[in-house]
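Trainee: I have a model open on my screen and would love a close look at one part of it. Could you walk me through that part slowly?

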Amino acid sequence: MATFARPENALKRAEELINVGQKQEALETLHSFITSRRYRAWTRTHEKIMFKYVELCVDMRRGRHAKDGLIQYRGICQQVNITSLEEVIKHFMQLATEKAELARSQAQALEEALDVDDLEADKRPEDLMLSYVSGEKGKDRSDRELVTPWFKFLWETYRTVVEILRNNSRLEALYAMTAHRAFQFCKQYKRTTEFRRLCEIIRNHLANLNKYRDQRDRPDLAAPESLQLYLDTRFEQLKVATELELWQEAFRSIEDIHGLMCMVKKTPKASLMVVYYSKLSQIFWMSSNHLYHAYAWLKLFSLQKSFNKNLNQKDLQLIASSVVLAALSVPPYDRSYGASHLELENEKERSGRVANLIAFDVESKPENREMLSRSSLLLDLVSKGVMNCVTQEVKDLYHILEHEFLPLDLALKVQSLLTKISKLGGKLASASSVPEVQLSQYVPSLEKLAALRLLQWVSEVYQTMNIDNLSRIIPFFDFPTVEKISVDAVKNNFLAMKVDYKKGAVFFVNKSLESEGLRDHLSTFAESLGKARGMIYPPISRISFFFLSKFKSITRGSRGGGDSNPRP
């Protein structure tokens, strides 16, 4: 390893080697200088050397050399001139981005070139076989070899920088900027695998921040500036996750935001909470959790009505109508009927966990936790004034499905209202954080609710109905679909009906006669017999104990009598 009297000599030697085409030797020269303990005092020449060093690392795609050099340079300038490290890292990321964009522009078939599931994986076996079998490589494989290495290096650059800047109060602004750029990289090029890795890396950084509280230069989350940087990073992560349609990762991002705010016992600003609930409503809709989706919409409505001063009447009507239709889309029965104790406990725990996310209570207590249900949700719609803001069509639909009794005219009235409702919607001009509202997305769920209500009301009027007549009064679905809907309703104890295809009829059973006790009458009868037998024939242990005590008292008495009156 060559030694230099001054840092300028090392830089001059590296430039000489570069001029004669020996970039590898120049890189090793600068690397040995940066890692040497003789030159630990920072000077402006150190910054020039690092600029040259990262340029060589990018040209030669030496990610590990770049990471090692940046870690050493962080130790040199961290206490003297931290701005120098920021400039070097920005230059490093800029060079890597330019190289990747250049390779992208040179590739004519970008879609095929970037068709790689994992940037950190090696070459696929079929690619290696093709390279040996075919004499000339195809254009798609040449594009892959041109573009993929540079995008792999760019991803490695983001990972390196995020790891170097983690959990340092002096570098947290640059850390947040790098995380945002990495998120945009994943979004622009649809890198779902890398996005999941990046989320896990950032999640681990926050966990280590809480674990090692005596760390030097540790960021203080109680400081408003630090908390805002960490919070903005999580919200950017949430936005990108929903745009990439990674709904599981988006839900974990929601939990990250809630967990972060529970650490500091604070609630974010209303503008951020609007984003939070709008994304949460999307997540629950995609997972078919209509109850939680409706509660998220209700929270979103309350925020917009309270804090958005620019909200016009049309946008308020659309948001309120979405809340009501989302609430009506919730199935009118509880799915916990017939579930085991373990399933009920798991559902209770899951419901409490989601309730905390929806309420955003940073100091949640189990005794104060609100139970989420369809009935309480419908009561909230009235008490919080949502029904006063909806369109007339939505209000009429709500009263027909929840308060009126129209067993034969239901379908006709509901169908005309749903046709009008499906045409409502659009982008909200005065609520930019709220996604585009399209009320037509609720129509299938509302048609299912209308079919359930009709079956429920018909069962109270008729005992038997022809299948053709039943299909005629439920125009939303064909009879196999109606049968599928009714099976789920019967399973959850909402309806009591039987279908007889041989007779071509549907039989509605009075639920009062099909009570829980009568359904399980054999088991109930067996339990009663067991109790009666126990009363007539007590358990053996009690009988044995009774006779044993009697026997002992008799034997004691006989022994005592023998001692006082001996036989002659």
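Trainee: Which residue forms a salt bridge with E200, and how many Å apart are the closest N and O atoms?

Mentor: Happy to help, and please keep in mind that this is a predicted model. The partner is R203, and the closest N and O atoms of the two residues are 3.0 Å apart. As a general point, side chains of opposite charge can pair when their charged atoms come close.

Let's place the pair first. E200 and R203 are separated by about one helical turn, because they sit three residues apart in helix 10. An α-helix has 3.6 residues a turn, so residues three or four places apart point the same way. The two residues differ in cover: R203 is buried, with a relative accessible area of 15%, while E200 is partly exposed at 30%. The cut-off for buried is under 20% relative accessible area.

E200 has another partner as well. R252 forms a salt bridge with E200, and here the closest N and O atoms are 3.3 Å apart. R252 belongs to helix 12 (residues 247-264) and E200 to helix 10, so this pair ties together parts that are 52 residues apart in sequence. R252 is partly exposed, with a relative accessible area of 31%. If you step back from the single pairs, salt bridges that share partners join E200, R203, E249, R252 and D256 into one network. Across the structure, the count comes to 15 salt bridges.

For another pair within a helix, look at E47 and R44. Their salt bridge has its closest N and O atoms 3.2 Å apart. Both residues lie in helix 3 (residues 44-60), three residues apart, which is about one turn of the helix. E47 is buried, at 12% relative accessible area, whereas R44 is partly exposed at 46%.

Now back to helix 10, which spans residues 192-211 and also holds H205. H205 is buried, with a relative accessible area of 5%. Leaving aside neighbours within four places in sequence, H205 is in contact with V162, E163, R166, N167 and Y175.

Y175 is a good residue to follow from there. Like many a side chain you will want to click on, Y175 has a ring to inspect, and a search of the whole structure finds 16 aromatic pairs. The rings of Y175 and Y230 have their centres 6.5 Å apart and their planes at 35 degrees, so this pair is tilted. The pair links distant parts of the chain, with Y175 in helix 9 (residues 172-188) and Y230 in helix 11 (residues 224-243), 55 residues apart. Y175 is buried, with a relative accessible area of 5%, and Y230 is buried too, at 6%. For contrast, the rings of Y276 and Y277 have centres 5.1 Å apart and planes at 85 degrees, so that pair is edge-to-face. Both Y276 and Y277 are buried. Elsewhere, ring pairs link F151, Y158, F185 and Y189 into a cluster.

Finally, some context for the part you asked about. The protein has 25 helices and five strands, and 44% of its 568 residues count as buried. Among contacts between residues at least 6 apart in sequence, 74% join residues at least 24 apart.

Note on methods:
Residues are numbered from 1 along each chain as its sequence is written. This is a predicted model: local features need pLDDT of at least 70, side-chain atom pairs count only at pLDDT 80 or more; totals for chains, interfaces and linings use all residues. Side-chain values use heavy atoms; hydrogens and water are left out. Rings of Phe, Tyr and Trp (its six-membered ring) pair if their centres lie within 6.5 Å; planes under 30 degrees apart count as stacked, over 60 as edge-to-face and the rest as tilted. Helices (H or I, at least four residues) and strands (E, at least two) are DSSP runs, numbered from the N terminus. Buried means under 20% relative accessible area, exposed over 50%, partly exposed in between (1.4 Å probe, protein chains only). Contact means heavy atoms within 4.5 Å. A salt bridge is a side-chain nitrogen of Lys or Arg within 4 Å of a carboxyl oxygen of Asp or Glu.
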